[in-house]
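Colleague: I've got a protein model open on my screen and I'd like to learn how to read it. Can you take me through it?

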Amino acid sequence: DDKADFLISPYGSATAAASAVVTEQYEKTNLIVGAAAGSTFTRGYKHAFQVYSPGSKYLTGAIDALQKTDPSAKRVALVYEKDPFSADVASAARDYASQKGLDVVVDEGYDTGTSDFAPFITKIAGTNPDAIIGGGHFADGTTLARQLSEKQVKAKMVALLVAPADPQFADLGDAANGILAPSQWEPQATYSEAAASALHIPYYGPALKDYATSYKEKYGYDPGYHSAGGYGTGVILEKALRDAGSADPKAVEAALAKMDIMTFFGHTKFDTGQTYGLQTGHDMVLLQWQKTAELGRQTVWPADAASAKLVYPKP
């Protein structure tokens with residue numbers, strides 16, 4: 001709509017990057033949600049703002065959790081989809097693993113649409129890694145998790161992007177048990193007025209419990225971070241409009257640039273330097289599918305946000 005002043009970009013890094021180009025061309029204010037590739041914000045754009053934590057943060061929590069739980073762990077297999085988002089995440093994870101003294105014993109990218117992971121699984125199994133990290137999106141992530149289970153690969157930790165954070169991942173049954181995923185948000189998170197006060201920033205919008213309860217009452221299951229991110233983006237835009245005191249795009253963008261708040265979705269703050277619009281406030285959590293009475297998600301990292309203890313080694 002060429003008459004719209006404010007855009008909310010949909011899921012997908014490629015879509016977000018294209019939307020950012022259009023944003024700059026037509027000088028529209030764009031809140032990008034559902035895409036975390038940090039490379040979008042290295043191009044000097046001035047009207048695009050990222051809601052999610054950037055890809056560089058996605059798998060660092062898994063590496064931290066691995067080393068905290070098992071200081072003897074040294075070997076990591078990195079297998080990832082070759083798209084901009086996943087490649088950004090893999091690059092950051094590779095560098096972070098090296099900084100932490102870990103050996104990346106497998107470093108392989110696969111094409112989007114890959115459905116047979118046998119060649120990659122053979123390489124992984126041959127190196128006996130302590131952890132497997134990587135993945136990409138829902139279809140490939142669920143397929144990789146299922147085939148790792150079918151081949152009985154014995155890694156102590158498996159952390160994959162995107163797919164395990166979707167409630168439908170439970171359809172894998174036992175193959176989902178023990179799988180970790182970085183998440184932008186979980187219903188068990190602890191974002192609140194008290195948490196905001198501890199950071200000396202204001203809290204704005206509905207309470208996390210109120211959002212999660214209302215969502216489950218309407219749809220019959222707990223919200224994932226994709227739906228929470230979409231709703232949270234609306235809350236952020238509402239706050240910017242209120243702070244601006246008008247719907248003038250320049251005033252709203254100025255309000256976004258100054259924003260430093262907490263909502264039910266977490267901390268929001270944007271870079272205003274060389275990576276203008278990059279999200280700098282929001283932190284990731286790490287979830288794990290765990291089977292007790294039934295299969296379900298638990299937040300396991302960081303410790304102060306955990307709803308359950310990390311199950312390690314993976315069942």
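**Reading the model**

Modeller: Let's start with Thr268, which counts as buried at a relative accessibility of 1%. Keep in mind that this is a predicted model.

Colleague: Okay, so where is Thr268 found, and which residues is it in contact with, leaving aside neighbours within four places in sequence?

Modeller: Thr268 is found in strand E10, which covers residues 266-269. Leaving aside neighbours within four places in sequence, Thr268 is in contact with Ile236, Met259, Asp260, Ile261 and Gln279.

Colleague: Let me zoom out for a moment. How many helices and strands does the protein have?

Modeller: The secondary structure of the protein comes to nine helices and twelve strands. The radius of gyration is 20 Å, close to the 20 Å that the globule rule gives for 315 residues, so the protein is as compact as a globular protein of that length. Back to your count: nine helices and twelve strands.

Colleague: What share of the residues is buried?

Modeller: Buried means under 20% relative accessible area. With that cut-off applied to the 315 residues in the protein, the buried share is 53%.

Colleague: And among contacts between residues at least 6 apart in sequence, what share joins residues at least 24 apart?

Modeller: Take the contacts in the protein between residues at least 6 apart in sequence. The share of them that joins residues at least 24 apart is 64%. Val33 and Thr233 show what distance along the chain can look like in space: they are 200 residues apart in sequence, with their C-alpha atoms 7.0 Å apart. The share you asked for, though, is 64%.

Colleague: Tell me about Val33, then. Is it buried or exposed?

Modeller: Val33 lies in the loop between strand E2 (29-32) and strand E3 (48-50). Its relative accessibility is 7%, and the cut-off for buried is under 20%. So Val33 counts as buried.

Colleague: Now a helix, please. Why are the buried residues of H9 on the same side?

Modeller: The buried residues of helix H9 (residues 249-258) are Pro249, Val252, Glu253, Ala255 and Leu256. They are on the same side of H9 because they cover an arc around the axis of only 160 degrees.

Colleague: Which residues are exposed on the other side of H9?

Modeller: Go round to the other side of H9, away from the buried set. The exposed residues there are Lys250 and Lys258.

Colleague: I've heard that backbone angles can be odd. Which residue in the loop between H4 and E6 has a positive phi although it is not a glycine?

Modeller: Look in the loop between helix H4 (118-127) and strand E6 (131-135). The residue there has a positive phi of about 50 degrees, and at 57% relative accessibility it counts as exposed. Its name is Asn128.

Colleague: Val162 has a positive phi too. Is Val162 buried or exposed?

Modeller: Val162 has a positive phi of about 60 degrees although it is not a glycine. You'll find Val162 in the loop between strand E7 (157-161) and strand E8 (180-183). With a relative accessibility of 4%, Val162 counts as buried.

Colleague: What about the peptide bond from Trp301 to Pro302: cis or trans?

Modeller: Pro302 lies in the segment after strand E12 (295-301). Pro313 lies in the segment after E12 as well, and the peptide bond from Tyr312 to Pro313 is cis. For the bond from Trp301 to Pro302, omega is near 0 degrees, and the bond is cis.

Colleague: Trp301 makes me curious about what it touches. Which residue in helix H2 touches Trp301?

Modeller: Helix H2 covers residues 60-69. The residue in question counts as partly exposed at 24% relative accessibility, and it also touches Tyr96 and Lys100. Its C-alpha atom is 9.5 Å from that of Tyr96, 32 residues apart along the chain. The name you want is Asp64.

Colleague: One last residue: what does Asp83 touch, not counting residues up to four places away in sequence?

Modeller: Asp83 lies in the loop between strand E4 (75-81) and helix H3 (84-99). Its relative accessible area is 12%, and Asp83 is buried. Not counting residues up to four places away in sequence, Asp83 touches Thr112 and His137.

Technical notes
Residues numbered from 1 in each chain as written. Predicted model: local features only at pLDDT ≥ 70, side-chain atom pairs only at ≥ 80, totals over all residues. Heavy atoms only, no water. Helix = DSSP H or I, 4+ residues; strand = E, 2+ residues; numbered from the N terminus. Rg over C-alpha atoms; globule rule 2.2 N^0.38 Å. Buried < 20%, exposed > 50% of the residue type's maximum accessible area, 1.4 Å probe, protein only. Contact = heavy atoms within 4.5 Å. Arc of directions from axis to C-beta.
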